[in-house]
Amino acid sequence: MNEIKIKSKNLNVYYGEKQALFDVNLDLNEKEVTALIGPSGCGKSTFIRCINRMNDVIDICKVSGNIEIDGVEINDKNLDVVSLRERVGMVFQKPNPFPKSIYDNISYGPKIHGKGETKSELDEIVENSLKKAALWEEVKDRLDEPGTGLSGGQQQRLCIARAISVNPEVILMDEPCSALDPIATAKIEELIDELKKTYTIVIVTHSMAQAVRVSQKTGFFHLGKLIEVGKTEKIFKNPDNKMTQDYITGRFG
Amino acid sequence: MSNEHTVKSYEEELRYLIDSVIKMGSLTESQLVDSMDAVIKVDKDSIDKIIKSDDEINKFRSKIDTQIMTLLVKRAPMAIDLRETISSLKISQDLERIGDLSKSNAKKVKPLPLDLPEELLGNLKRLGELVIKQLNDVLDSYVNKNYDKAKEVWEKDEQVDDLTYIAMESVIDFLSKDKKNLDFSTHLIFATKNLERAGDHITNIAESICFLIKGEYLKGSRPKGKVIQQ
């Protein structure tokens, strides 16, 4: 098993009066894919949004407890959130490219983070990012066309390329395939398999089959609590917890 | 199984699969009882009926295969449902093989003389009764999802091995008295061996049931009797 990259300890999240996460203790291993599953509203998206402090933008949201990346507390008020988000990229459910060219979609991040000062450096970043996202061959002759003109699956890979372009360590994926057809989904899953060699990946998914296919570790959330976490194979063949079993077999009341 | 599935038809499909395995098991048990009876009583009239019942068992096997393929494609079963599905596949394979062995034993009745001495059949009869009891117990443990009972069957196969050895010895003793007995003695030796092999399939079923219930295979090697060690 790989080393622990991200560690949450007694993590609690509140949206105003409502508590969304209860004492979540979860270790995520480096260069592995961890899948988070559970019914809607169970807290899995809230959890991954804690890893890059996306919850900071919600006024009523309060976070207590710890999240460490490489042993460094990220809930520290003095931590530079911009550089945290450079290290922890995110891909959302619906592909959301900027209304800019394919090239600009990728070069935007490196530019604002001060990477790629010359045109040729930027060209290299754009090409490498698109190659890593398995999109280069499909778009290399039309980099100046709008990103929004690509198909859904291509747009999602563009968003992954955009996340990769700033050379992050962690990629968070919040249901990245739920808006895609089976072929586009297969391409993203293939890509995840490749990306895990370089990045630590956390994926939220409603597809049990996808969790089995892409992840090495799976965590099951219910009503804000982490009910069970373990090797993916174990969770889907023989989970320890009855609630986990009821959820993955479709017996939830 | 615990709670019911949210999708009722999924629940029904799984229930239907389990029922099919239970029915196939009960048919296999009847066939084994009938074939043992035919051997012991040298009842040549029942041979055709037993051979025919094997067709029924084979049809069940095909039906269960189809049900399993449909379940896998439609439902992509997970956890206990996955184990239930895989176990059904394995158990039905073993039942089918037991059916084949019963049929094979029924066929061996044809060349047997009607006046077989009691002492020759006594041990074979005891072996047959034990194998039938083993099958009955393992099917019970499947119906009631009883791990301990399945494990008990698995362990008890040692007795089947020992009795096989004893039954073989008595046939060989009989054969050594008069070489004229060679032809039908050979059939009895094969019939004895078939029962021992049926016992092995029963232990496979017991293993599948233990895996189904606990999600892990029985650890260690099964206690083995004399015949296996030879």
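**Entry 1. A:Asp23**

I started at A:Asp23, which lies in strand E2 of chain A. I note here that the model is predicted. I looked up the backbone angle: phi of A:Asp23 is near 45°, a positive value in a residue other than glycine. Most residues other than glycine have a negative phi. Is A:Asp23 buried or exposed? I found 14 C-beta neighbours inside 10 Å, so A:Asp23 counts as partly exposed.

**Entry 2. The sheet around E2**

Next I looked for the sheet that holds E2. I found an open sheet of 4 strands in chain A, in the order E2-E1-E4-E5, with antiparallel pairing. Strand E2 (18-29) and strand E5 (72-73) are its edge strands, and each pairs on one side only. I then checked the pair E1 and E4. Strand E1 (residues 4-15) and strand E4 (residues 61-69) of chain A run antiparallel, joined by 8 bridges. For one register point I took A:Asn12, whose bridge partner in E4(A) is A:Ser64.

**Entry 3. The sheet of 6 strands**

I moved on to another open sheet in chain A. This one has 6 strands in the order E6-E7-E8-E3-E9-E10, with mixed pairing. Why do E6 and E10 each have one side without a neighbour in the sheet? Strand E6 (88-91) and strand E10 (225-231) stand at the edges with a single partner strand each, so one side of each is left free of a neighbour in the sheet. I also looked up the twist: neighbouring strands are turned by 20° against each other on average, direction ignored.

I wanted one example of each pairing sense. Strand E3 (residues 33-37) and strand E8 (residues 200-204) of chain A pair in the parallel sense over 4 bridges. In that pair, A:Val33 stands opposite A:Ile201. I then checked what packs on the sheet. Helix H6 (residues 152-164) of chain A does, touching E6 and strand E7 (170-174). The direction of H6(A) makes about 170° with that of E6(A).

For the antiparallel case I took strand E9 (residues 217-222) of chain A, which is joined to E10(A) by 6 bridges. A:Thr218 stands opposite A:Gly230 in E10(A). The hairpin of E9(A) and E10(A) has 2 residues between the strands, and A:Leu223 takes a positive phi near 50° in it.

**Entry 4. More positive phi values**

I kept a list of these. A:Ala134 has a phi near 55°, also a positive value in a residue other than glycine. Where does A:Ala134 lie? I found it in the loop between helix H4 (119-132) and helix H5 (136-139) of chain A. A:Ala134 has 17 C-beta neighbours inside 10 Å, so it counts as partly exposed. A:Arg53, just after H1(A), takes a positive phi of about 55°.

**Entry 5. Helix H1 and the cores**

A:Arg53 led me back to helix H1 (residues 44-51) of chain A. I counted 8 of its 8 residues as buried. Among them are A:Lys44, A:Arg49 and A:Ile51.

A:Ile51 turned up again in the largest nonpolar core, which has 67 residues. Which residues touch the most other members? They are A:Ile51, A:Ile171, A:Leu172, A:Ile201 and A:Val202. H6(A) gives the most to this core, with 6 residues. I looked up the contacts of A:Ile51, leaving out residues up to four places away in sequence: A:Ile6, A:Ile67, A:Val88, A:Val170, A:Leu172 and A:Val202. A second, separate core has 47 residues, including B:Val21, B:Met36, B:Trp154 and B:Leu212.

**Entry 6. Two helices of chain B**

I then turned to helix H5 (residues 147-177) and helix H6 (residues 182-214) of chain B. Their axes come within 9 Å and cross at roughly 170°. That makes H5(B) roughly antiparallel to H6(B). I sorted the residues of this contact and got 19 nonpolar, 5 polar and 6 charged.

**Entry 7. Where the chains meet**

Last, I checked chain A against chain B. I found 15 residues of chain A in contact with 14 residues of chain B. On the chain A side, helix H8 (208-214), helix H9 (232-237) and helix H10 (242-248) each supply at least two residues. H10(A) gives the most, with 4 residues. The chain A side divides into 6 nonpolar, 5 polar and 4 charged residues.

Definitions and conventions
Residues numbered from 1 in each chain as written. Chains lettered and ligands numbered in written order. Predicted model: local features only at pLDDT ≥ 70, side-chain atom pairs only at ≥ 80, totals over all residues. Pairing = 2+ DSSP bridges. Axes fitted to C-alpha atoms, helices over the stretch in contact; angles between N-to-C directions. Contact = placed C-beta atoms within 7 Å. Nonpolar A, V, L, I, M, F, W, Y, C, P; charged D, E, K, R; others polar. Buried ≥ 20, exposed ≤ 12 C-beta atoms within 10 Å, placed from the backbone. Core = buried A, V, L, I, M, F, W, Y, C linked by C-beta atoms within 7 Å. Parallel < 35°, antiparallel > 145°, perpendicular 65-115°, else oblique.
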